[in-house]
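Hi everyone, thanks for coming. I'd like to walk you through one model today, going from the outside to the inside. Have a look at it first, and then we'll start with the surface.

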Amino acid sequence: MNLGRLLTTISYVTALPTGIRLNAGFSRDGQPAEEDLAGLTPYLPAAGLLIGTVLLAGSGLLEQSRCASLVHGALLTTAWLCLTGGLHFDGLMDTADGIFSHRSRERMLEIMQDSRVGNFGVLTGVTALLLKFAAITSLLDNQPLSWAALLLIPAWSRYAEVYAIVRFPYAREEGKGKIFHETSGKADLLTAALLPAAAGIGAAFLSGPYAILVVSGATIAAGIAASHWVNRHLAGQTGDTYGAVVEIAECGGLILSVMALARV
């Protein structure tokens, strides 16, 4: 694994400080140049695992402070959003505005490019936050499962993003997400899975294999289903839909984990 590429990925898809700035400079619109983003796809789950590690550490601190479970869940939900700088959340809202408009494919893509958030985007965003908050709070009662969820869901949701990047064509003629698709291949599906899988094996000694399998399987399944749903509407993916896949995978992983907990 290339440390420079990893740090570049963390700089782009999270709000975590890395001590570096993107090397190739910035384009006129203030966004990273394409050279910075080439070949970052297999590092996305690693960035997610870092987010998960921070969330797990934060949850441990809140637990030590004996914070009320509702406040605990609300703080973790807020921290989860802040750690990404709202990047994926913004993609979810833009995608919702486009797809739920029920217009032609071309019009959906136009709507998604609008910087303003519409009714469908707001409703979807609020729903996602409520579901995350409720699920996280519910999981706090089962420590092994909550540990596994906080650590691994951010990583496996970004593995689902890798699947969307590799599996489907890019829906626009241009866009920041296009370089991810153009510089990715099927081998990245294996490379991207290695670190989350290794973390899952290690976490199994603390949380047990059942928790790891439930959390990992639920997140991957939700993310892959989301990527196919998006492709059915747009005949491809965009930078916005990559973010939407991450958010839907995270929500799905959390909710399905809670449902699995109810069966135990």
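Okay, so the protein chain exposes about 12300 Å², and carbon and sulfur atoms supply 62% of that area. Before I go on, keep in mind that this is a predicted model.

What is the chain built from? There are 12 helices and 0 strands. If you read along the sequence, you just get α again and again: α-α-α-α-α-α-α-α-α-α-α-α.

Now, the overall dimensions. The C-alpha atoms fill a box of roughly 50 × 40 × 30 Å, taken along the principal axes. For a compact globule with 264 residues you'd expect a radius of gyration near 18 Å, and the chain has 18 Å, so the two agree. Of those 264 residues, 50% count as buried. And if you take the contacts with a separation of 6 or more, 78% of them are between residues 24 or more positions apart.

Let's zoom in on two loop residues. Start with Gln237, in the loop between helix H11 (209-234) and H12. Is Gln237 buried or exposed? Its relative accessibility is 0%, and the cut-off for buried is under 20%, so Gln237 counts as buried. Who does Gln237 touch, leaving out residues up to four places away in sequence? Quite a list: Ala164, Phe168, Pro169, Tyr170, Ala171, Ser227, Val230, Asn231, Tyr242 and Val245.

The other one is Ala15, which lies in the loop between helix H1 (3-13) and helix H2 (34-37). Ala15 counts as partly exposed because its relative accessibility is 49%, and that class runs from 20% to 50%. Not counting neighbours within four places in sequence, Ala15 is in contact with Cys82, Leu83, Thr84 and Gly85. Here's a distance you can check on screen: the C-alpha atoms of Ala15 and Cys251 are separated by 20 Å, and along the chain these two are 236 residues apart.

Hold on to Cys251, since the next stop is a pocket. Cys251 is one of the residues lining the second largest pocket, which has a volume of about 160 Å³. The others in that lining are Leu92, Thr124, Thr127, Ala128, Leu131, Ala222, Ala225, Glu247, Ile248, Gly252 and Ile255. The elements giving two or more residues to this lining are H7, H11 and H12. H12 provides the largest share, with 5 residues. By class, you get 8 nonpolar, 3 polar and 1 charged.

Last stop: the closed spaces. How many cavities of 30 Å³ or more are there? The count comes to 1. The largest cavity has a volume of about 40 Å³. It is lined by Thr77, Trp80, Leu81, Thr84, Phe89, Leu129, Lys132, Glu247 and Glu250. Helix H4 (69-83), helix H7 (119-139) and helix H12 (239-263) each give two or more residues to that lining. Which helix gives the largest share? That's H4, with 3 residues. The cavity lining divides into 4 nonpolar, 2 polar and 3 charged residues.

One thing to spot before we finish: Glu247 lines the cavity, and Glu247 also lines the second largest pocket. Thr84 turns up twice as well, once in the cavity lining and once among the contacts of Ala15. That's my tour, thanks for listening!

Notes. Residues are numbered from 1 along each chain as its sequence is written. This is a predicted model: local features need pLDDT of at least 70, side-chain atom pairs count only at pLDDT 80 or more; totals for chains, interfaces and linings use all residues. Side-chain values use heavy atoms; hydrogens and water are left out. On a 1 Å grid over the protein atoms alone, a cavity is a set of points where a 1.4 Å probe fits but cannot get out, and a pocket is an open set with protein on both sides within 12 Å along at least five of seven lines; lining residues have an atom within 4 Å of a point. Grid points are joined across faces, edges and corners, and a volume is the space filled by probe spheres set on the points. Helices (H or I, at least four residues) and strands (E, at least two) are DSSP runs, numbered from the N terminus. Ala, Val, Leu, Ile, Met, Phe, Trp, Tyr, Cys and Pro count as nonpolar, Asp, Glu, Lys and Arg as charged, and the others, Gly among them, as polar. The radius of gyration is taken over C-alpha atoms; the globule rule is 2.2 Å times the number of residues to the power 0.38. Buried means under 20% relative accessible area, exposed over 50%, partly exposed in between (1.4 Å probe, protein chains only). Contact means heavy atoms within 4.5 Å. Accessible areas come from the Shrake-Rupley method with a 1.4 Å probe; for residues, only the protein chains shown count as cover.
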